[in-house]
Structures are given as structure tokens and as C-alpha cells.
Amino acid sequence: MQSQLPDLIAQSNLQSRETSLLRICKPAIRLVSCKDLARPCSPAASKVGGRPLLPTNFNWPVHQGRNLDFLLQIDLSETAAADVHHLLPASGMLSFFFDLKNLPGGFDPAELSGSRVVYTPDLTDSVTLDVPDPESAIPEYSLAPATIETLPYLDRASRNLFESRSEEH
């Protein structure tokens, strides 16, 4: 991965903090929308919306009596090349669900069931399922993984510490 960070540091006039910024920079996986491509998604592709590929015995997640909305699925075999630290499994599927009607914040323990991430390690017995509520289905488009560089969010205390350490060097 060719770093673009030194160029961005120079463009932003942050050369005095370059060493510190490069030290805290971390690779991440970005899912790039392929919405503008006129290609259909295969059932096992990484995608937003549409019909998810899930085990035949899958119990659709529910929050407060309402089926959660299917958001996206990530084919981990597609992300493996972008996962430079190998933090994710190299195969399987991650499926994401959320209550788009009630939008639970997640801070209240009663809202914890308002979102769900499901890992399916083996897709052998999986099928494409219809979403329970077609009116709230999200339009389908494919996603492509890419490796990017990220910097951590610096709140005021972290920023003060970062600035004091930068000035020491």
C-alpha cells in the first residue's frame, strides 16, 4: 500500500507533526460503493440491501416485535486482501441488521436487540432469503473493499497530549 499521508501532511502544512502522524496512522478497510456500475450482485457478493445469503435455519432478528432491516453483507473472502493485519476471518459472511424504523441508539440496554451482526463461517447450506418486509427493503448495490489509511479521532485531551509529544520531538 503506497502511503498518501506524506503528501496530505504537506498539503495541510503539518510537516512539524509528520513523524507523530505517521506513527499513529493505521490501515483500515473501506467498502466502496459500486452503485453506479450496471452489474448485478451475485448472492454471495459484498453488498448493501437486496436479499441476504443466510443459513437455511436462520431466525430473522427481531427488536420490540419488529423484524430488523437487512442493511448489508460482507463477503470476507473479498476483504481478505484489504485486511493487512488479518483481523477478520479470511472466509465467511458478515450480515448486518438494524431497526431503521425506531433507530435505537444502543446506549439503553433495552435497545441492544435493535441491531445485530451475524457471522456465517460456512455458506454451504445458505440460501438467498426474502426480507420479511419488502416495503422497507433497501435497494441492492455491490460493494468493493479497498485498503485505506486512517488516523484516530482526537478528542481535546488526546489532542493536547498529541501536541505536547509532537513539540518534544
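**View 1. Trp60 and Phe97, two buried rings in a predicted model**. In this predicted model, Trp60 and Phe97 are both buried. Phe97 has a relative accessible area of 2%. The ring centres of Trp60 and Phe97 lie 5.2 Å apart with the planes at 80°, so this is an edge-to-face pair. Trp60 belongs to the loop between E3 and E4 and Phe97 to strand E7, so here the contact links distant parts of the chain, 37 residues apart.

**View 2. Phe58 stacks with Phe97**. Stay with Phe97 and look for its pair with Phe58: the centres are 5.7 Å apart and the planes make an angle of 20°. Phe58 sits in the loop between strand E3 (53-55) and E4, while Phe97 is in strand E7 (residues 93-98), so the pair ties together parts 39 residues apart in sequence. Phe58 counts as buried, at 18% relative accessibility, because the cut-off for buried is under 20%.

**View 3. One aromatic cluster**. Zoom out a little to see Phe58, Trp60, Phe70 and Phe97 together as one cluster. The structure holds four aromatic pairs.

**View 4. The open sheet of six strands**. Following the order E1-E10-E2-E6-E7-E8, the strands pair in antiparallel fashion. At the edges are strand E1 (26-33) and strand E8 (115-120), each pairing on one side only. Strand E2 (residues 47-48) is joined to strand E6 (residues 69-75) by two bridges, and Val48 has Leu72 as its bridge partner in E6.

**View 5. Gln64, an exposed loop residue**. Gln64 is in the loop between strand E4 (62-63) and strand E5 (66-67), and its relative accessible area is 59%. Asn102 is 38 residues from Gln64 in sequence, yet their C-alpha atoms are 9.4 Å apart in space.

Key
Residues are numbered from 1 along each chain as its sequence is written. This is a predicted model: local features need pLDDT of at least 70, side-chain atom pairs count only at pLDDT 80 or more; totals for chains, interfaces and linings use all residues. Side-chain values use heavy atoms; hydrogens and water are left out. Two strands pair if DSSP finds at least two bridges between them. Helices (H or I, at least four residues) and strands (E, at least two) are DSSP runs, numbered from the N terminus. Buried means under 20% relative accessible area, exposed over 50%, partly exposed in between (1.4 Å probe, protein chains only). Rings of Phe, Tyr and Trp (its six-membered ring) pair if their centres lie within 6.5 Å; planes under 30 degrees apart count as stacked, over 60 as edge-to-face and the rest as tilted.
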